[in-house]
Amino acid sequence: MNTFADLISRLLRFALRMVFALAATVFLVSLMLASLVVVLAVSLWSLLTGRKPAPVVLFQQFRQARERYAQGMFRPGPSTADVVDVQATEVREHGAPAAAPADGPVGRLSR
């Protein structure tokens, strides 16, 4: 009786594996068909409106940025020799009274 139960158990396990394999296949095929329908709908919509789909535009921008970088468009900014130090002045609102002179920036912070 033990061999008969093993045979039935093996057959049931095999049948269950086949059912799961079939379910996975149906799921993948339906996912591929849904993707195909979406791609066709977006393509048709872009043809009707005359606009490129957003993912296409995004990848084109990435490609253009990569090409600009490869051509050397991104160069470092001006050197530090172009920087000029200036004397800072206080800007007051129109009609505001003048502030009392302080002992420099440290004196203003301590009050």
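## The first helix

L11 sits in helix α1, which covers residues 2–49. Keep in mind as you look around that this is a predicted model. Helix α1 is 48 residues in length, and from its first C-alpha to its last it reaches 70 Å. That is close to the 70 Å you'd expect at 1.5 Å a residue. Right after α1 comes G50, and the phi of G50 is positive, near 80°.

L11 also belongs to a group on the surface: together with F4, L7, I8 and L12, L11 forms a nonpolar patch. Added together, these residues have about 500 Å² of accessible area.

## The whole protein

Now step back. How many helices and strands does the protein have? There are 3 helices and 0 strands, so if you read along the sequence the pattern is simply α-α-α.

What share of the 111 residues counts as buried? Just 2% of them do. The protein exposes about 11000 Å², and 67% of that comes from carbon and sulfur atoms.

## How confident is the prediction?

Across the protein the mean pLDDT is 81, and 75% of the residues reach 70 or more. Which element has the highest mean pLDDT, and which the lowest? Helix α1 comes out highest, at 94, while helix α3 (residues 105–110) has the lowest value, 54.

## Two rings in helix α2

Search the whole structure for aromatic pairs and you find 1. The partners are F59 and F62, and their arrangement is edge-to-face. Their centres are 6.5 Å apart, with 65° between the planes.

Both residues lie in helix α2 (residues 54–71). F59 and F62 are 3 residues apart there, about one turn of the helix. Here's the handy bit: an α-helix has 3.6 residues a turn, so residues three or four places apart point the same way.

Are these two rings buried or exposed? F59 counts as exposed because its relative accessible area is 57%, over the 50% cut-off. F62 is exposed too, with a relative accessibility of 52%.

## A salt bridge in the same helix

Side chains of opposite charge can pair when their charged atoms come close. How many salt bridges does a search of the whole structure find? The search turns up 1. In that bridge, the side chains of R63 and E67 meet at 3.8 Å, taken from N to O.

Where do these two residues lie relative to each other? R63 and E67 are both in helix α2, and because they are 4 residues apart, about one helical turn separates them. As for the surface, R63 is partly exposed, with a relative accessible area of 36%. E67 is partly exposed as well, at 37% relative accessibility.

Notes. Residues are numbered from 1 along each chain as its sequence is written. Side-chain values use heavy atoms; hydrogens and water are left out. Patches are made of residues with over 30% relative accessible area and no salt bridge: like charges are joined within 9 Å, nonpolar side chains (Val, Leu, Ile, Met, Phe, Trp, Tyr) within 5 Å. Accessible areas come from the Shrake-Rupley method with a 1.4 Å probe; for residues, only the protein chains shown count as cover. A salt bridge is a side-chain nitrogen of Lys or Arg within 4 Å of a carboxyl oxygen of Asp or Glu. The expected span of a helix is 1.5 Å times one less than its number of residues. pLDDT is the predictor's confidence in each residue, from 0 to 100. Rings of Phe, Tyr and Trp (its six-membered ring) pair if their centres lie within 6.5 Å; planes under 30 degrees apart count as stacked, over 60 as edge-to-face and the rest as tilted. Buried means under 20% relative accessible area, exposed over 50%, partly exposed in between (1.4 Å probe, protein chains only).
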